[in-house]
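Here are some comments on the model, set out as numbered points for reading beside the coordinates. Please take them in order, as the later ones return to places named earlier.

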Amino acid sequence: MQNDPIPLIRARALWMRRTAFTMVHRAQLGHPGGDFSATDILATLYFGVMRHDPARPAWEDRDRFIMSKGHATGAIYTALCAAGYFPEDWLPSYMQNGSPLNGHPNRNYVPGVETNTGPLGHGFPVALGIAIAGQITGRDYRTYVLTGDGEQQEGSNWEAAMVAGHRRLANLTLIIDRNRLQQGAGTEETSGLDPLDKKYEAFGFEVQMVDGHDVSALLGALTAKGDRPRCIIANTVKGKGVSFMENVAKWHHGVPNDAEFAQAMAELV
Amino acid sequence: MSHAVEKAGLYDCRDAWVKTLCDLAAQDPRICAVVNDSVGSSKLGAFQKAYPERLINVGIAEQVMVGVGAGLANGGQVPFVSAASCFLTGRALEQVKADVSYAGFNVKLVGQSSGVAYAELGPTHHSIEDFAWLRPLKNITLIVPADPWEVEQAIRWAAAHEGPVYIRLSRMPVPALEIPGRVFTPGRATLARQGSDVTLIACGTVVHLAMTAAEELASEGLSARVLNMHTINPLDEAALHEASKTGAIVTVEEAHLRGGLGGAVAEFTASHKPVPVERLGFDGFQPTGDLAHLFARSGLTVAGIKAAARRAVARK
Ligand SMILES: Cc1ncc(C[n+]2csc(CCOP(=O)(O)OP(=O)(O)O)c2C)c(N)n1
Ligand SMILES: [Mg+2]
């Protein structure tokens with residue numbers, strides 16, 4: 001098929017995982033588990049869905065993406081770099097003294113970052129404001145926000161959901177990285193979220209569950225339009241792509257030694 | 001990590017925190033811990049194992065966490081609400097103000113990884129504003145232990161004290177202070193060293209730097225007194241009267257320059273006996289950097305403290 005974006009998205013996702021893990025290995029800091037669960041979602045958005053122009057990060061009509069789970073900087077920085085928002089030679093400076101690539105994204109340092117995140121539960125309200133601004137100005141951009149699933153325990157998400165549902169903000173898409181793990185344990189053993197779909201339906205969202213690593217399913221879900229805000233529950237695997245990291249809580253902020261790094265690189269092909 | 005750290009003569013104060021809390025919980029069934037998905041970062045694994053029913057993990061929900069603390073106190077429990085201090089104080093500030101301070105509940109707030117302990121993770125995770133946010137809440141006793149011994153004293157005192165307390169901890173490795181015969185009394189600064197030319201007033205992770213600076217200054221002919229101001233509220237005004245008599249003051253804190261220890265000391269001296277006060281701390285959001293880098297660029301080093309002491313003395 002001509003113009004099939006899927007091979008490109010997959011290639012970019014592979015590069016993002018390898019590059020993010022290289023950065024984490026070098027810095028001996030980071031959140032690789034959550035980088036990898038989100039990678040396919042970000043690759044699909046930046047390379048298959050969003051209307052954006054890396055040469056004009058402040059373009060008023062750009063689609064917006066808010067990385068609310070700001071700890072997963074390995075994912076957002078590699079996506080922005082692969083898209084061309086900043087040069088590759090920034091990457092080795094990840095979390096080094098004076099680097100623009102802080103442990104949590106800062107819009108004042110990194111082109112393409114829409115807002116500063118890191119404290120969980122901030123991205124969705126800001127995305128809501130961006131979507132309302134679009135309504136006021138009549139601009140037809142779309143706003144996407146990605147939260148973690150543990151992050152959904154923050155009440156600010158539900159306050160934002162109420163407003164989005166009330167205003168029927170069809171230009172707003174909430175994506176939840178449903179990897180079922182938070183920092184210390186599983187979400188369902190900490191403060192259970194299920195049934196997440198029913199909750200968002202009750203708040204006035206059109207809800208869709210997808211496999212968060214199936215690029216063609218993601219493409220379908222992320223390009224669909226309706227007359228209400230959308231919530232995409234992306235079922236994912238924390239640490240996706242590296243056998244010893246998958247579904248293991250300690251890789252939330254675990255960092256690889258040299259042997260683990262080598263094994264991961266051998267698997268990420 | 002903590003074994004390697006202890007070999008180097010340094011301690012992760014979270015070990016003293018959890019050991020003390022477990023000891024207290026064994027004697028007192030009212031002791032509970034309330035956390036926000038922060039069992040690991042608060043090092044509460046041992047507590048969770050021993051007292052699973054008294055470990056309340058509300059998930060990633062700090063406002064709920066502090067409100068639950070107030071409710072537990074209402075129900076007769078003695079809750080230690082433990083979370084990264086940036087989220088405990090910043091995210092839940094209104095709960096701390098209204099539910100803990102204004103309502104006056106017997107809640108113990110334990111701020112973990114305070115100051116810039118999270119270094120490279122950036123200003124969202126730094127907690128350098130907490131002193132300024134909490135100082136106006138006058139009934140919250142605000143304690144900043146400097147080493148494992150003070151951590152244990154502070155936790156024990158907090159458990160026995162009826163009323164709100166904020167204890168500011170760090171994961172940053174620190175040495176055990178050598179202050180012979182010291183006793184811990186909240187609201188009474190510890191005189192860590194006698195001196196007459198200038199007084200260095202420090203709290204928490206930087207007290208040992210001030211002590212080393214004073215030692216070096218002595219060999220260079222400047223006599224610096226060192227106060228370990230482990231309690232920021234209430235402030236030890238008697239000790240500050242004595243400090244003013246040395247004619248120059250330097251404050252040293254792993255916190256924002258506005259509204260913290262330095263601010264409190266400056267408020268006091270301005271309204272009593274004005275003397276030059278040089279303040280060391282962080283002047284706003286910090287760039288990306290490791291701990292050593294962040295401390296050095298704000299003068300929170302032995303050399304930086306010595307230079308500030310000389311500036312203060314020159315202003316006499
Ligand atoms: C307000 C706030 N509280 C606590 C944290 C500490 N924290 C960072 S990541 C994390 C777990 C996040 O879990 P989840 O949202 O499921 O993210 P993912 O699994 O995608 O990494 C926690 C508790 C934080 N960053 N912000
Ligand atoms: Mg998760």
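1. In this predicted model, the C-alpha centres of domain 1 and domain 2 of chain B are 25 Å apart. Domain 1 covers 2–168 of chain B, and domain 2 covers 190–314. Where the two meet, 22 residues of domain 1 of chain B are in contact with 26 residues of domain 2 of chain B. On the domain 1 side that touches domain 2, the elements that contribute two or more residues are α7 (130–134) and β5 (141–143) of chain B, and it is β5(B) that supplies the largest share of that side, namely three residues.

2. The largest nonpolar core deserves to be read together with that contact. This core has 105 residues, of which B:L200 and B:A210 touch the most other members. Both domain 1 (2–168) and domain 2 (190–314) of chain B give residues to this core, and therefore it lies between them. If residues up to four places away in sequence are not counted, B:A210 touches B:L200, B:A202, B:V226, B:V252 and B:I305. Another core, of 68 residues, lies apart from the one just described, and includes A:M16, A:I66, A:C231 and A:A234. As a general background to both, nonpolar side chains in soluble globular proteins tend to be buried together.

3. Chain B has an open sheet of seven strands, in the order β2-β1-β3-β4-β6-β5-β10, with mixed pairing. At its edges stand β2 and β10 (231–233) of chain B, each with a single partner strand, so that one side of each has no neighbour in the sheet. On average, and with direction ignored, neighbouring strands of this sheet are turned by 20° against each other.

4. How enclosed is strand β1 of chain B (residues 31–35) by the rest of the structure? Five of its five residues are buried, so β1(B) is largely enclosed by the rest of the structure. Both of its faces are covered, with B:I31, B:A33 and B:V35 buried on one side and B:C32 and B:V34 buried on the other. Strand β1(B) runs parallel to strand β3 (residues 78–84) of chain B, to which it is joined by five bridges, and B:I31 stands opposite B:V78 in β3(B). It also runs parallel to strand β2 (residues 55–57) of chain B, here with three bridges, and B:V35 stands opposite B:N57 in β2(B). Helix α4 (residues 62–74) of chain B lies across β1, β2 and β3 of chain B, and runs at about 165° to β3(B).

5. Further along the same sheet, strand β4 (residues 108–112) of chain B holds B:V110. B:V110 counts as buried because it has 29 C-beta neighbours inside 10 Å, where 20 or more are needed. Leaving aside neighbours within four places in sequence, B:V110 is in contact with B:F80, B:V81, B:S82, B:I167 and B:L169. By contrast with these contacts, the C-alpha atom of B:V100, which is 10 residues away along the chain, is separated from that of B:V110 by 13 Å. Strand β4(B) pairs in the parallel sense with strand β6 (residues 165–168) of chain B over four bridges, and the bridge partner of B:K108 in β6(B) is B:V165.

6. Chain A should be considered in its own right. It has nine helices and five strands, and from the N terminus its elements run α-α-β-α-α-β-α-β-α-α-β-α-β-α. For its 269 residues a compact globule would have a radius of gyration near 18 Å, and the 17 Å of chain A agrees with this. The C-alpha trace of chain A spans about 50 × 45 × 45 Å along its principal axes. Of the 269 residues, 52% count as buried, and among contacts with a separation of 6 or more, 76% are between residues 24 or more positions apart.

7. The five strands of chain A form an open sheet in the order β1-β2-β3-β5-β4, and the pairing is parallel. Its edge strands are β1 (64–67) and β4 (206–211) of chain A, each of which pairs on one side only, and the twist from one strand to the next averages 20°. Within this sheet, strand β2 (residues 143–148) and strand β3 (residues 172–178) of chain A pair in the parallel sense over six bridges, and A:G148 has A:D177 as its bridge partner in β3(A).

Key. Residues numbered from 1 in each chain as written. Chains lettered and ligands numbered in written order. Predicted model: local features only at pLDDT ≥ 70, side-chain atom pairs only at ≥ 80, totals over all residues. Rg over C-alpha atoms; globule rule 2.2 N^0.38 Å. Buried ≥ 20, exposed ≤ 12 C-beta atoms within 10 Å, placed from the backbone. Contact = placed C-beta atoms within 7 Å. Core = buried A, V, L, I, M, F, W, Y, C linked by C-beta atoms within 7 Å. Domains from an automatic or database assignment. Pairing = 2+ DSSP bridges. Axes fitted to C-alpha atoms, helices over the stretch in contact; angles between N-to-C directions.
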